[in-house]
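Got the viewer open? Keep the selection box handy, and we'll walk through this one stop by stop.

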Amino acid sequence: MWTSESGIFYVLYGTVYIIQLLENGGRSILHVVEKDRFFFENRYFHPHTRISAAYAVSDTQTAYFTPEKIEFLLNTSLEFCKILIYNMALKNLNSGKNILNSRNSNPEIMVLNALYDLLLQKKDSNSNSLRITQATLAEYVGRHPVTTNKILKLLERKGLITLGRGVITMNLTHDHNA
């Protein structure tokens, strides 16, 4: 039987975090979903699983597509199919990264990967700076804030990032002689 959680949501404005609850009681942010993106309850495609939850982290409005509406759009709109497939591909690519990152034994690489992924998701791709708090980054990588802070300070000492108030800048250099 379909429930309201079985549909698909489209973010009209705002930001939604898709989180996974960890065994230690913490949370790991699996996806950051912003304007003009879909997110859906996993049970829409896999009826007996629930591995994540969604919550709005800013003033957010979503449009809800019932399973019946989705079936109609899948059968009548090639554009809807393309958009949905694109969003599903993004979700699956990011899920794979999170699984790999969580198994990565080097926490520095895990945090750098997360920063780089967040930088790629930004609308302004000309800047190497991210407006993100260390606490939010800790949630994103599924680590304790104190641990994440220690890793960030180590990365800053190595010259890989620069920490500011609510801003982390990646020190990306291009060696043209390489």
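The tour starts with the whole chain, then goes to the helices, the cores and the aromatic rings.

**Stop 1: the whole chain**

Before you zoom in, keep in mind that this is a predicted model. Colour by secondary structure and you should pick out five helices and nine strands. Trace the chain from the N terminus and the order is β-β-β-β-β-β-α-α-α-β-α-α-β-β. The chain has 178 residues, and 32% of them count as buried. For a feel of how the chain folds back on itself, take the contacts with a separation of 6 or more: 62% of them join residues 24 or more positions apart.

**Stop 2: α3 against α5**

Select α3 (107–121) and α5 (residues 145–157). How do α3 and α5 pack, in angle and distance between axes? The angle is about 85 degrees, and the axes are 10 Å apart. Since anything from 65 to 115 degrees counts as roughly perpendicular, α3 is roughly perpendicular to α5.

Now show side chains at the contact. From α3, pick P107, E108, V111, L112 and L115; from α5, pick I151, L152, L154 and L155. Sorted by class, the residues of this contact are eight nonpolar, no polar and one charged.

**Stop 3: α4 against α5**

Keep α5 on screen and swap α3 for α4 (134–141). Here the packing angle is about 105 degrees, with the axes 9 Å apart. This pair of helices, α4 and α5, is therefore roughly perpendicular too.

On the α4 side, select Q134, L137, A138 and V141; on the α5 side, P145, T148, N149 and L152. The class count for α4 with α5 reads five nonpolar, three polar and no charged residues.

Two residues of this contact deserve a closer look. Centre on T148, in helix α5. Is T148 buried or exposed? T148 is buried, at a relative accessible area of 0%. Set aside neighbours within four places in sequence, and T148 is in contact with Q134, L137, A138, V141 and R143.

Then hop to V141, in helix α4. V141 has 13% relative accessibility, and buried means under 20%, so V141 counts as buried. With neighbours within four places in sequence left out again, V141 is in contact with S28, M110, A114 and T148. Try a distance label from V141 to I29 as well: the two are 112 residues apart in sequence, yet their C-alpha atoms are 6.8 Å apart in space.

**Stop 4: the largest nonpolar core**

A bit of background for this stop: in soluble globular proteins, nonpolar side chains tend to be buried together. The largest nonpolar core in this model has 20 residues. Start with the ones that have the most contacts inside it, namely V111, L115, L137, L152, I161 and I168. Which elements each supply at least two residues of this core? They are β2 (15–21), α3, α4, α5 and β9 (167–170). Among them, α3 gives the most, with six residues.

L152 is a good place to centre the view. Beyond its neighbours within four places in sequence, L152 is in contact with V111, L115, Q134, L137, I161, L163 and I168.

**Stop 5: the other core and its rings**

Apart from that core lies another one, of eight residues, including F38, F65, F80 and L84. Select the aromatic residues next. The model has six aromatic pairs.

Zoom in on F38 and F65: their ring centres are 5.9 Å apart, with 55 degrees between the planes, and the pair is tilted. F38 sits in strand β4 (residues 38–40) and F65 in strand β6 (residues 61–65), 27 residues apart, and the pair links distant parts of the chain. Both F38 and F65 are buried.

Stay on F65 and add F80. These rings have centres 6.0 Å apart and planes at 40 degrees, so this pair is tilted as well. With F65 in strand β6 and F80 in helix α2 (residues 78–103), the pair ties together parts that are 15 residues apart in sequence. F80 is buried, like F65.

To finish, add Y10 to the selection. Y10, F38, F65 and F80 form one aromatic cluster.

Note on methods: Residues numbered from 1 in each chain as written. Predicted model: local features only at pLDDT ≥ 70, side-chain atom pairs only at ≥ 80, totals over all residues. Heavy atoms only, no water. Phe/Tyr/Trp six-rings, centres within 6.5 Å; stacked < 30°, edge-to-face > 60°. Helix = DSSP H or I, 4+ residues; strand = E, 2+ residues; numbered from the N terminus. Buried < 20%, exposed > 50% of the residue type's maximum accessible area, 1.4 Å probe, protein only. Contact = heavy atoms within 4.5 Å. Core = buried A, V, L, I, M, F, W, Y, C linked by side-chain atoms within 4.5 Å. Axes fitted to C-alpha atoms, helices over the stretch in contact; angles between N-to-C directions. Parallel < 35°, antiparallel > 145°, perpendicular 65-115°, else oblique. Nonpolar A, V, L, I, M, F, W, Y, C, P; charged D, E, K, R; others polar.
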